[in-house]
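The following note sets out several points on the packing of this model for a colleague at the bench.

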Amino acid sequence: MTENAICSYDIGGSKIVCARVAWDLSLVETGREATCSADFAGFCEQILRLADQSGCAGPLALSIAGVIHPESGIIHAANIPAVNGRRLALELSALSGRAVHVINDANAFALAEAHCGVARGHDVVFAAILGTGLGGALVLNQRIVTGAGGTAGEWGHGPLPVVSAGLTNRVPGAASLPQLQCGCGQTGCVETLTGARGLERLHLHLSGTTADSRQILSQWHQGAGAASDTVAVFVDILGGALAQVINIIDPSVVPLGGGLAGDAALVAALNGEVNRRRLGAAGRGAARAGGSDLLIAAVEGGERGLIGAALFARQAQANAG
Ligand SMILES: [Zn+2]
């Protein structure tokens with residue numbers, strides 16, 4: 001067994017990846033299986049078995065798709081019912097006899113990007129996940145900001161911005177976007193019409209046709225009129241929501257994760273929209289050589305959650321020591 005290593009997990013609703021992460025962040029994947037998401041005892045047994053399998057005797061570090069309350073440690077994870085409402089770190093620690101650290105998956109992504117990704121060397125980092133839905137995280141001076149309830153950086157759950165006048169004149173339906181129910185319990189959230197599923201809902205509303213997000217983006221790349229209208233409205237509302245967060249936090253870089261961040265043309269369009277709405281954009285452009293873009297797609301790879309969780313555990317262990 002390796003003492004000087006962290007047993008790190010990337011836990012989603014459908015699968016768990018486990019890895020042994022050394023103190024220098026070099027990583028060896030040691031397990032990958034379907035998440036035992038329905039029952040807590042089975043979930044814990046799975047975590048402990050994967051720890052044994054990793055050959056690592058150090059702390060457990062879990063990146064998980066859920067909100068963790070910073071004081072109580074109670075986790076809210078809609079996609080993983082087994083752990084929903086549990087004090088996961090405390091209970092796993094009692095079962096394993098090890099230190100256990102649990103971090104939200106967007107926070108793990110952001111921490112990894114700030115340490116060794118596209119945001120390396122930056123002190124103020126806002127990371128945005130453009131996946132099925134939206135996620136986000138705030139890292140200041142290489143430390144995650146959790147906020148009072150663990151939701152800092154979650155930017156998808158406020159009202160949709162008003163669509164720009166030029167677009168409402170050009171695209172029928174853009175002036176009256178539907179107020180849809182959001183998973184958070186509110187209606188009309190930014191997330192309901194952005195992210196990959198939101199793009200599909202927006203396209204259905206504006207064009208009356210059903211297509212998945214990849215098809216819509218592909219049609220847009222080919223210059224199709226209906227998809228171009230949809231993406232124009234999408235960039236307007238998503239860029240507007242992003243610019244609002246950016247104007248509050250004033251990060252020096254915004255790493256983008258999630259499937260939509262893999263579309264370079266979409267990222268370029270969002271950069272254009274954000275720059276148009278960003279306070280002091282002209283001065284910043286002059287100050288930087290070449291006026292580099294604020295939004296930067298993270299390098300593809302599934303190890304961000306594993307690295308971010310290990311970093312979080314490393315910081316917690318250093319504080320405890
Ligand atoms: Zn919401």
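1. The buried residues of α5 are covered by elements including β9 (134-140), α6 and α7. Those buried residues are G195, A196, G198, L199, E200, L202, H203 and L206, buried being under 20% relative accessible area with a 1.4 Å probe and protein chains only. Helices are DSSP runs of H or I with at least four residues, and strands are runs of E with at least two, numbered from the N terminus.

2. This is a predicted model, in which local features need pLDDT of at least 70 and side-chain atom pairs count only at pLDDT 80 or more, while totals for chains, interfaces and linings use all residues. Residues are numbered from 1 along each chain as its sequence is written, and side-chain values use heavy atoms, without hydrogens and water.

3. The largest nonpolar core (buried Ala, Val, Leu, Ile, Met, Phe, Trp, Tyr and Cys residues joined through side-chain atoms within 4.5 Å) has 42 residues, and W155 and L266 have the most contacts inside it. Among the elements that each supply at least two of its residues are α5 (195-207), α6 (213-221) and α8 (264-277). The most comes from α7, with eleven residues.

4. Beyond its neighbours within four places in sequence, L266 is in contact (heavy atoms within 4.5 Å) with L217, W220, V231, F234, V235 and L260. A second, separate core of 29 residues includes A19, I103, A119 and L306.

5. N104 belongs to strand β7 (residues 100-104), and N104 counts as buried because its relative accessibility is 9%. A polar atom of the N104 side chain lies 3.1 Å from the backbone nitrogen of N107.

Conventions
Buried < 20%, exposed > 50% of the residue type's maximum accessible area, 1.4 Å probe, protein only. Polar contact = N/O pair within 3.5 Å; in protein donor to acceptor, adjacent residues only side chain to side chain.
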